[in-house]
Amino acid sequence: MDQLLSYLPPSEGLLPKWLLFVSVVSAVNSVQSYVSPDYTSKLYTNGALAVGALPGRVFGTWTFLSAVIRMTAAYNIDSPIAYNLAIWTYAIALAHFTGELIFGNAVLKGRFLSPLIVASSSVAWMLTQREFYLGA
């Protein structure tokens, strides 16, 4: 167990561990986007919006890039560059998912709620903890 815990980010607080957790979940979601072309469709309006294989893979690639940035921030939480990039990944995700609500491609229910909640709460958490981790 100690060996497994040694892989966790060494910084204080729960935020680095949260960033790592969300990063791992995002990486798994990326794989699902590549393996199952209809995975992305199920996120938006419960599959009513047909999303082809290419947009699903693009979404998977975008999600994986976000996962890499968040994992980098988890282990380098005191780096302003990594911290800011991680906040931006959540802010961009929040803008994307909010936009899909506005465009009518999503509804506030089911699987769509999870990324909306994770993005909004992570942006808020990171903004409130900025001084603790960066001293600025």
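**Entry 1: Serine 11**

I began with serine 11, which sits in the loop between helix H1 (2-5) and H2. The model I am reading is a predicted one. I looked up the accessibility of serine 11 and found a relative accessible area of 22%, so I noted the residue as partly exposed. The cut-off for buried is under 20%. I then listed the contacts of serine 11, setting aside neighbours within four places in sequence, and got Pro16, Lys17 and Ile77. I also took a C-alpha separation to glycine 60: 29 Å, for two residues 49 apart along the chain.

**Entry 2: Overall fold**

I counted the secondary structure next and found six helices and zero strands in the protein chain. Read from the N terminus, the order of elements is α-α-α-α-α-α. I checked the radius of gyration, which is 16 Å; the globule rule gives 14 Å for 136 residues, and the two are close, so I recorded the chain as being as compact as a globular protein of that length. The C-alpha trace spans about 45 × 35 × 25 Å along its principal axes. I have 34% of the 136 residues down as buried. Of the contacts between residues at least 6 apart in sequence, 67% join residues at least 24 apart.

**Entry 3: Nonpolar cores**

Which members of the largest nonpolar core touch the most others? I found Leu15, Leu19, Ile77, Tyr83, Tyr90 and Met126, in a core of 16 residues. H2, H4, H5 and H6 each supply at least two residues of this core. H5 gives the most to it, with five residues. Ile77 also appears in my contact list for serine 11.

I followed up methionine 126. Not counting residues up to four places away in sequence, methionine 126 touches Leu15, Leu19, Tyr83, Ala86, Ile87 and Tyr90. I noted a second, separate core of nine residues, with Leu43, Tyr44, Ala106 and Leu116 among them. As background, nonpolar side chains tend to be buried together in soluble globular proteins.

**Entry 4: Asparagine 84**

I placed asparagine 84 in helix H5. Is asparagine 84 buried or partly exposed? Its relative accessibility is 28%, so I entered asparagine 84 as partly exposed. I paired asparagine 84 with methionine 126: the two are 42 residues apart in sequence, and their C-alpha atoms are 9.1 Å apart in space.

**Entry 5: The largest pocket**

I looked up the largest pocket and read a volume of about 440 Å³. Its lining has 21 residues, and those nearest the centre are Ser26, Asn29, Thr63, Phe97 and Pro115. Which helices supply at least two residues each to the lining? I listed helix H2 (15-35), helix H3 (39-43), helix H4 (53-75), helix H5 (80-103) and helix H6 (113-134). H2 gives the most to the lining, with six residues. I sorted the lining by class and obtained 14 nonpolar, five polar and two charged residues.

**Entry 6: Serine 114**

I closed with serine 114, which lies in helix H6. The relative accessibility of serine 114 is 45%, so I put this residue down as partly exposed. The cut-off for exposed is over 50%. I took one C-alpha separation here, from serine 114 to leucine 101: 14 Å, with the residues 13 apart along the chain.

Technical notes
Residues are numbered from 1 along each chain as its sequence is written. This is a predicted model: local features need pLDDT of at least 70, side-chain atom pairs count only at pLDDT 80 or more; totals for chains, interfaces and linings use all residues. Side-chain values use heavy atoms; hydrogens and water are left out. On a 1 Å grid over the protein atoms alone, a cavity is a set of points where a 1.4 Å probe fits but cannot get out, and a pocket is an open set with protein on both sides within 12 Å along at least five of seven lines; lining residues have an atom within 4 Å of a point. Grid points are joined across faces, edges and corners, and a volume is the space filled by probe spheres set on the points. Helices (H or I, at least four residues) and strands (E, at least two) are DSSP runs, numbered from the N terminus. Ala, Val, Leu, Ile, Met, Phe, Trp, Tyr, Cys and Pro count as nonpolar, Asp, Glu, Lys and Arg as charged, and the others, Gly among them, as polar. A nonpolar core is a set of buried Ala, Val, Leu, Ile, Met, Phe, Trp, Tyr and Cys residues joined through side-chain atoms within 4.5 Å. Buried means under 20% relative accessible area, exposed over 50%, partly exposed in between (1.4 Å probe, protein chains only). Contact means heavy atoms within 4.5 Å. The radius of gyration is taken over C-alpha atoms; the globule rule is 2.2 Å times the number of residues to the power 0.38.
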